[in-house]
Protein chains: 2
Amino acid sequence: MNKHFMLAASALAFTTSAIAQDSEPVAALSPNQIVEQASAEEWIAIPEEDLLVMTLAPDAQGNPREVIIQLMSAPFSQGWVENIRKFARAKWYDGISVNRVQDNYVVQWGDPNYDNPEAAGETKPLPEGLKVLTEEDYTISKRAAFAQAMLRKAKRGFAAMAEDAKAALQSKRFERRNATTRIDPYSADAFFQFGWPTAADGESLQARMWPVHCYGMVGVGRGYSPDAGSGAELYTVIGHAPRHLDRNIAVVGRIVEGMQYLSSLPRGSGALGFYTEEEFAKRTPILTVRVASDLPANEQPQFEFLDTESETFTKYAEARANRRDPFFIMPAGGADICNIPVPIRPAPNG
Amino acid sequence: MNKHFMLAASALAFTTSAIAQDSEPVAALSPNQIVEQASAEEWIAIPEEDLLVMTLAPDAQGNPREVIIQLMSAPFSQGWVENIRKFARAKWYDGISVNRVQDNYVVQWGDPNYDNPEAAGETKPLPEGLKVLTEEDYTISKRAAFAQAMLRKAKRGFAAMAEDAKAALQSKRFERRNATTRIDPYSADAFFQFGWPTAADGESLQARMWPVHCYGMVGVGRGYSPDAGSGAELYTVIGHAPRHLDRNIAVVGRIVEGMQYLSSLPRGSGALGFYTEEEFAKRTPILTVRVASDLPANEQPQFEFLDTESETFTKYAEARANRRDPFFIMPAGGADICNIPVPIRPAPNG
């Protein structure tokens, strides 16, 4: 891997300097090519308990549509995650539908009569024993969750970006303020932790941290505060990251397969993208939602994500921030956390 | 408007302080409600010459699908914009198709045989007299384009956000670095200019500036550099802002109506989201593309955008960065430039 990283660094020098080079420029690897070269040890298997298999009704041509959701790992949002497993195991989600598709925002699924004042009394009764969460649960204490050493390790991915931004600054091709900070308009600090994009309200261990709303992340619909949602209503992001929802709604996971079945659904023309009464036929039925570990062994999907504390992830994040593969002529010098999607793939032996 | 701005500020104080207040909290306006209160003078009509009407084939149920594109106004990307009008007036776009739909990235339309080595010689001949653009044309000189006073005026929208971030900082509810800068991971400066989201590589007038890739922005497909594209291949962003494309591809406009007809198209399963040979039936035919000013007067669409240098836009941008309408409990304290979409609407008398 080091060999390729050096080639990439030399390609940057070539790109950002007008000085003639003796050597030919070497095509740098794309971020995906970097990921392809990760070692097997850098991939982390997703526990079966953390995978949901959501089967939508077949499409108009009869093709099956299966969506796989990864629930958040500890220590994030665990109250909702436990509720969601309870909903799935009670088969409560079976027979609900996608009721809201708002362009550049979210797709939301749940009880079609949720939040419909005209359907009072007709909503699906919730399973017993659900946890009641509060807005305090949207964030966690950094100190309680992580040893500082682990945190520093996790931050490596961005340190490389900062170094590179400095190099670009020295090249005088462009000015760059705050080159050594992990720039995020929404928080004091943004970084990857345990495979998830997160942010914090400070750099110290006294800070609070939270998972952030990127494309494909899954969150919990709710009414007005203090309601923090049970997990009966879920949504996923189908547009530009709505980071203003961070710390206002619980993030509980992400779509790892089948995103296109949700993102390409017809948009609803009602308020907030809900389907109007005339459009009820556009609601996509959800046939079943199962926790993968409850399925027969041969039907269990197997996925893994690239360790966000690995050397390859560091190189991948740096390459996302500074594209040097042949199509690109001007590396950006930075990337926002939602433009560095965590690589996820079916397990090779799955 | 001042009345509501004050109410919003007092709502913030209530939200970010645990100190009991004598007065009841007042529901703050949502960003859209702020826009609804803009005066007629704050809306700027889009010239008919800058609007393209792209008619797709009707959908499977026979419903019409019309997409309206606003071409960039001077001084941005004018070489490509001139080419695009030439393509439209030569009716070159009539009969092409949407050939690529890549989830969380772009929808691209053009000659179905573009860039297909097996179709050599079968591509559609281009109109004569097209401009040949270069990568130098991806950016413009700030000095050449704008008087400094105008620029300062345009920056007002972010000054309010910075003030608010400072107030939030003082409330000690969260730390915030760089509160007084317009934070952008991809540039030295990001701001709205003449109705468009833009970025620059410095704050001075010596800097270069460019339009940025947000959701719904339209760009020009190209091959490997030095090819900078002619305008024959166009795409729009259907996912998280791919800001790494800034300064690497020409941005030439945005979708102002009918975005949902493009963003909800089935994704292609080939490389880069192109439809494979087995999927050619999924290509959406483009029947016609017309410059609005060439249409009969009664068929010309009329749109207007909120002046990005207006007082209302300033308040809107600030409210996007600090949501205080009733659903929200924690204002973000900032927003990235692509999470502040420029308000656009059909002209009330159109």
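## Exercises on a predicted two-chain model

Just after helix H3 of chain A, A:Lys91 has a positive phi of about 55°. The model is predicted. The exercises start from this helix.

**Exercise 1. Compare the expected span of helix H3 (residues 78-89) of chain A with the distance between its end C-alpha atoms.**

Step 1. Helix H3 of chain A has 12 residues.
Step 2. The expected span is 1.5 Å times one less than the number of residues. For H3 of chain A this gives 16 Å.
Step 3. The end C-alpha atoms of H3 are 16 Å apart, so the two values agree.

**Exercise 2. List the buried residues of H3 of chain A, then name the strands they pack against.**

Step 1. Apply the cut-off: buried means under 20% relative accessible area.
Step 2. The residues that qualify are A:Gly79, A:Trp80, A:Val81, A:Asn83, A:Ile84, A:Arg85, A:Phe87 and A:Ala88.
Step 3. Look for their partners in chain A. These buried residues pack against strands E2 (51-56), E3 (65-71), E10 (217-220), E11 (234-237), E12 (251-257) and E13 (284-291).

**Exercise 3. Place A:Ala319: which helix holds it, is it buried or exposed, and what does it touch beyond its neighbours within four places in sequence?**

Step 1. A:Ala319 lies in helix H8 (residues 311-321) of chain A.
Step 2. Its relative accessibility is 3%, so A:Ala319 counts as buried.
Step 3. Set aside the neighbours within four places in sequence. A:Ala319 is then in contact with A:Pro31 and A:Ile34.
Step 4. Add a distance. A:Pro331 is 12 residues from A:Ala319 in sequence, and their C-alpha atoms are 8.9 Å apart.

**Exercise 4. Summarise chain A as a whole: its helices and strands, its buried share and its contacts.**

Step 1. Chain A has 8 helices and 15 strands.
Step 2. Of its 350 residues, 58% count as buried.
Step 3. Take the contacts in chain A with a separation of 6 or more. Residues 24 or more positions apart account for 71% of them.
Step 4. Turn to the surface. Chain A exposes about 14,600 Å², and carbon and sulfur atoms supply 52% of that area.

**Exercise 5. Describe the interface of chain A and chain B by residues, area, salt bridges and polar contacts.**

Step 1. Chain A contributes 60 residues to the contact and chain B contributes 60 residues.
Step 2. About 5,000 Å² is buried between the chains, with 52% from carbon and sulfur atoms.
Step 3. The salt bridge count between chain A and chain B is 0.
Step 4. Polar contact joins 22 residue pairs across the interface, both residues at pLDDT 80 or more.
Step 5. On the side of chain A that touches chain B, helix H7 (residues 259-263) of chain A gives the most, with 3 residues.

Notes
Residues are numbered from 1 along each chain as its sequence is written. Chains are lettered from A and ligands numbered from 1 in the order in which they are written. This is a predicted model: local features need pLDDT of at least 70, side-chain atom pairs count only at pLDDT 80 or more; totals for chains, interfaces and linings use all residues. Side-chain values use heavy atoms; hydrogens and water are left out. Helices (H or I, at least four residues) and strands (E, at least two) are DSSP runs, numbered from the N terminus. Buried means under 20% relative accessible area, exposed over 50%, partly exposed in between (1.4 Å probe, protein chains only). Contact means heavy atoms within 4.5 Å. Accessible areas come from the Shrake-Rupley method with a 1.4 Å probe; for residues, only the protein chains shown count as cover. Buried area is the accessible area (1.4 Å probe) that two parts lose on being put together, summed over both. A salt bridge is a side-chain nitrogen of Lys or Arg within 4 Å of a carboxyl oxygen of Asp or Glu. A polar contact is a pair of N or O atoms within 3.5 Å; within protein, one must be able to donate a hydrogen and the other to accept it, and residues adjacent in sequence count only if both atoms are side-chain atoms.
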